[in-house]
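Here's a quick tour of how a protein can hold on to DNA. Take a look at the picture first, then read on.

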Protein chains: 2
Amino acid sequence: MPDNMVIQGFESAEHDHGDCVADALREAERVCTERGERFTPLRRTVFELLWSSHKPVKAYDLLAQLALTHDRPAPPTVYRALDFLQEAGLVHKLESLNAYIGCGEPGRRHQGQFMICEECGVVAELDDETLTSRIDTNARKIGFKVNDETIEISGLCRQCQQP
Amino acid sequence: MPDNMVIQGFESAEHDHGDCVADALREAERVCTERGERFTPLRRTVFELLWSSHKPVKAYDLLAQLALTHDRPAPPTVYRALDFLQEAGLVHKLESLNAYIGCGEPGRRHQGQFMICEECGVVAELDDETLTSRIDTNARKIGFKVNDETIEISGLCRQCQQP
DNA sequence: GCAAGAATGTTATCTTATATCAAACTATAC
DNA sequence: GTATAGTTTGATATAAGATAACATTCTTGC
Ligand SMILES: [Zn+2]
Ligand SMILES: [Zn+2]
Ligand SMILES: [Zn+2]
Ligand SMILES: [Zn+2]
């Protein structure tokens, strides 16, 4: 495995997104089973809504989508599902956007490093071990014990740089 | 200049914080003058409140502090000052906390890399050129053009790891 | 002084997230 | 199968974070 891997994102416009969703669902079921937790219909629905694209989704947008199939859902409904999915490592929160996105590799515990296109909204999730260890080194120098990393890079994807 | 520099933070408890504030104010005046902008009393007050410690401060806490000396300030008052200070590079927003902190080196344009103690709230601002260039390299590999970096590491400072 | 632009005041509203308690559902033990 | 403890969801209210829009005041250059 290369030390700098693109986990997901910036797929070609024509990629079969149905496959992405199917894979994600299969993984989610596996992860939940492994953890002895329940991938309930509600959690599954929220998860599918998040995977409707490779773009981050806002909690209240999820809520609005949910409202199409559920009777007057309230904010805690979606926030609880998001909390569960984050705990399980199935979803990341993008702090700089207050939005959420499905994790591209939920099997392995990680924080994720994100490249966010300001123009089209597409997000790539990377996992660069070298970057992480550089941060650890810096932390060690000042006696800091790392628990959590928030790494979000915004800019323009290749597509959106075209003239 | 070393390639991994602690710009500020994790100062000894006994450091002369008056010096920090005085330095910060002097730099702020200089930066504003250079930019042809006005470091008004309101902006200065907000800036001083932010520099009252090396911890991030929330906008509504600033507002509450402001209320002690101003007549019923409203949210836009503090958000406008924060916007101005951020534009000028004098203040950073910590996205993972929804809080703001004075920049330790406003002269040079940078995004900042932060180590945030979950226990005591103290924040260290680093600037690791190696880290930044590693991110640029990763971006280049996927054809991404970087505009903005959000790098916030949370954990425990040396003090707060003591048994 | 006067006009134009910048900064601040004021009111209302929007967005994001949580607290709290009630009802429904699920799994296990008997 | 029923009791029951634990988990999940429903429902209401409110907290926390941020902005829109317009009025007023202040500053600066003339
Ligand atoms: Zn991930
Ligand atoms: Zn794009
Ligand atoms: Zn800085
Ligand atoms: Zn600490």
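A polar contact is a pair of N or O atoms within 3.5 Å; within protein, one must be able to donate a hydrogen and the other to accept it, and residues adjacent in sequence count only if both atoms are side-chain atoms. Keep in mind that this is a predicted model: local features need pLDDT of at least 70, side-chain atom pairs count only at pLDDT 80 or more, and totals for chains, interfaces and linings use all residues. Side-chain values use heavy atoms, with hydrogens and water left out, residues are numbered from 1 along each chain as its sequence is written, and chains are lettered from A and ligands numbered from 1 in the order in which they are written.

**Touching DNA strand D**
- Tyr79(B) puts a polar side-chain atom 3.0 Å from a phosphate oxygen of DNA strand D, and Tyr100(B) has one 3.3 Å from a phosphate oxygen of that strand.
- Arg80(A) goes for a base instead: one of its polar side-chain atoms sits 2.6 Å from a base nitrogen of DNA strand D.

**Who's around the strand**
- There are 19 residues around DNA strand D, and Arg80(A) and Lys58(B) are among those that come nearest (near means a heavy atom within 4 Å).
- Of the strand D atoms within 4 Å of the protein, 53% belong to sugar or phosphate and the rest to bases.

**Chain A overall**
- The C-alpha trace of chain A spans about 55 × 45 × 30 Å along its principal axes.
- Buried residues (under 20% relative accessible area, 1.4 Å probe, protein chains only; exposed is over 50%, partly exposed in between) make up 47% of the 163 residues in chain A.
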